[in-house]
Amino acid sequence: MDRLACVSIPAFELQLLIKRFPSWQEVPAAVISEPKPLGRVIAANRSALKAGVRPDMRYAQALSLRPDLQAAVIARQDRLTAQEEIIALLYEFAPTVESARFAHSTMFWLDVRGLSRLYRSYTQWGEQLLESLKAFGFLGACAIGWSRLGTFAAAQKPGAVRLFDTPEEEAKATRGTAVRYLPIAPFVKERLTHLGIRTVEEFLQLPKGGVRSRFGTAVEGIYAISAQGEGVPVQGSAPREPNRIRRVCMPSLRRVTPILENIGELLREVSEGSRRRLSRIRSITVRLRDESGAVRVEELTPAEPTRDHELLRKLCELRLSRLSWKEPVEEIVIEAEEEESLLDQQELFIHPPKRRPERGRRALSLLQARLGSDSVLRAELQDSHLPEGSFLWHSFEVQRLGRASLAGSLGASIERAIQEQDVNGSRFGGEIQLVRRFLRSSGDNRGAGRAKGSSKVVGGPYVVSTRWWLTPVEREYHYRELEDGTVEWSYYDPERRVWTLLGSVE
Amino acid sequence: MGGRSFVSGSLSEALPPGVRRASELPRYRTAAEIGVTAAEKPLREVVREGAGARVIELLGTAALTAAVRWTAEAQGRGEQVAWVNAREECFFPPDLAANGVDLETLPVISVREREEAVEAIDTLMRSGFFSLVVVDWKVQWPLEGALQTRFLRLGEHHGVTLLFLSEEHASRGIALVPVRIRADRRREAPGVYRLTLEIVRDKRGFGMTRQEEAAHGPPGLR
């Protein structure tokens, strides 16, 4: 019998969610099937579980338990892309990788024959693999043994590597593994418990024909693993070759026009490659190397995944036409990041709306290409006591424009419900709040906070003291009204004895 | 370990310095108490529904607040909004969230110079996807006639409202703008303000010219 390993990524969508929103790590968070009240909770983190949120629960019910629950949908394409990236990483550790998916956990079997000669031990191999996975942003578990089922059942504890020295040891451990450790839906675990089935051995004794009809295809898949004969080799899914093209320019190119002409030709080939692979291009990376060896890298993202090489050429032209080169360009490399070309059948039948999201995405994409990738932004609130740290600017994800966000659909409707209170005669809780203007480069405003001329204090000083666990910060925040009615917002740092103007109330 | 004990159910002892009873804290006044009557229809909605009100100039001591309310209301109707502002300064995002703005779906185009601002406005309006484009760039740039005409035509053709924040002295050069609104604030009580919206130029004939709303200051402002 040949050795094989199983690597599992438990709660894969939940890990994807936290990877996308790192600030949700410590707050109640969940993955939902759709951003609607009737959407289902697919997975929830520990904070949410403590509050009573459970998988399969309706989203509205979860919100009633925990109104501050953060939730989002993980799109199928995002999941597939992440899976492909993990497979590419695993191929650095084994010659063959086979993937499977059970109840929101993602599993991989790896052929580890001969690897003991490259590492001190299989355990070391497993530990290095998990470290690489962790550096990539995912927590996984690894088991090295002799059978799919045995390694599958053992690879459950994140961060741990389980090694079976002999097939007998693995078989014994597998028989006694509790069913609750298998990646199956909670309702299935409940039914098995009612049937008195508690271990994997008892589970495998169920009649094969009844498993699918009673528990669904996902559970049947787990059952089928045990039915596979021993010695079936790991069936690898070959990683896709990147869609990359390279051209050495002879002679080297000094001017923008011939550079763009060459890029246009290469983009035509890259687009044709995507068409043959039944993919669409999500973004392109253009690398230009000049005769001194310096490499300039530009990344361009169209509004929507596309195969339109003219659109890509236009984006390149907008970005590169403003640039200049000291040395002639001697090599051009273009690499395309692709996604599966999914046909959304609903789009075939819906009459195009008057305001077309794809045109908005195209507009933002053009502005990003023309003004720079840091020119189209969105604000994200952060959890900080200091006003300056209470938000961050992120690059606006153009491809999400026009697709309802969680806040856009559910959160905004909740806000609207609050705003629709009758102001007249109601207990006024502050429907409209005055807005402050914020000076981004407030560091340059030091010393500007002390109002010149006569002014009166209209707020503060309010002392904020924080970060005592790192470098203590203490600031006194003030509002001052000037003679012309302007209300300035500033703070005083008593340690540095510096005033800083933050902005004004408008 | 030291500590103070209190008679159950009441604080009968003198409070230490800096500690106040909750009943002594200033409470928010209601809109009616400060004499603000809610209108049947907010002036913003009247202007929005007015035919051809495609370029609107906002100025005054509460212009930014008025623009943010406009944004929140547009989003509440399911419309898409975009902002254009200067790199050096911007709105304070937590205040927008407090006013009900969905930050996640609000693209903010951050520009360095006038030409970039004009290009951003033009591109956004031509897409026809955004129903409201807010330009928060209070620099002394005269909006010359050709630009005014172009934006007016784009607004009418694509059904886009261009709302730009202006300053008193800069607005004298903007002759073709059909609607100019002053938004001012006045403190009525600790933390409570009277927000006045007044149409100071009305080439479309809305009828309503002035409206008041109640507002409260950001945390810490009396």
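Helix 2 of chain B, residues 63–76, has 14 residues, which at 1.5 Å a residue should span 20 Å, and its end C-alpha atoms are indeed 20 Å apart. This is a predicted model, so please read each value below as computed from it. Helix 2 of chain B is mostly covered, with 12 of its 14 residues buried.

**Around helix 2 of chain B**
- The buried residues of this helix include B:L64, B:V68, B:W70 and B:A72.
- Polar and charged side chains are also among the buried ones, including B:T65, B:R69 and B:Q75.
- After helix 2 of chain B comes B:G78, with a positive phi near 85 degrees.

**Chain B as a whole**
- Chain B has 5 helices and 9 strands, and along the sequence they follow the pattern α-β-α-β-β-α-β-α-β-α-β-β-β-β.
- Of the 222 residues in chain B, 54% are buried.
- Among contacts in chain B with a separation of 6 or more, 70% come from residues 24 or more positions apart.

**Where chains A and B meet**
- The two chains bury about 6100 Å² between them, and 58% of that is on carbon and sulfur atoms.
- Chain A brings 62 residues to the contact and chain B brings 77.
- The interface of chain A and chain B holds 5 salt bridges.
- A:R437 and B:E89 form a salt bridge, with their closest N and O atoms 3.1 Å apart.
- This pair crosses from strand 15 of chain A, where A:R437 sits, to strand 3 of chain B, home of B:E89.
- A:R437 is buried, with a relative accessible area of 3%, whereas B:E89 is partly exposed at 24%.

**Salt bridges within the chains**
- Over all chains, the count of salt bridges comes to 37.
- A:E98 pairs with A:R148 at 2.8 Å between the closest N and O atoms.
- A:E98 lies in strand 5 of chain A and A:R148 in helix 6 of chain A, so their salt bridge ties together parts 50 residues apart in sequence.
- Both A:E98 and A:R148 are buried.
- A:R475 and A:E388 come within a salt bridge at 2.1 Å, linking strand 17 of chain A to the loop between strands 13 and 14 of chain A, 87 residues apart.
- A:R475 and A:E388 are both buried as well.

**A helix pair in chain A**
- Helix 13 and helix 15 of chain A pack at about 35 degrees, their axes 7 Å apart.
- Residues making this contact include A:L311 and A:L315 of helix 13 and A:L366 and A:A369 of helix 15.
- By class, the contact has 5 nonpolar, 2 polar and 3 charged residues.

Note on methods
Residues numbered from 1 in each chain as written. Chains lettered and ligands numbered in written order. Predicted model: local features only at pLDDT ≥ 70, side-chain atom pairs only at ≥ 80, totals over all residues. Heavy atoms only, no water. Axes fitted to C-alpha atoms, helices over the stretch in contact; angles between N-to-C directions. Helix = DSSP H or I, 4+ residues; strand = E, 2+ residues; numbered from the N terminus. Contact = heavy atoms within 4.5 Å. Nonpolar A, V, L, I, M, F, W, Y, C, P; charged D, E, K, R; others polar. Expected span 1.5 Å × (residues − 1). Buried < 20%, exposed > 50% of the residue type's maximum accessible area, 1.4 Å probe, protein only. Buried area = accessible area lost by both parts, 1.4 Å probe. Salt bridge = Lys/Arg side-chain N within 4 Å of Asp/Glu carboxyl O.
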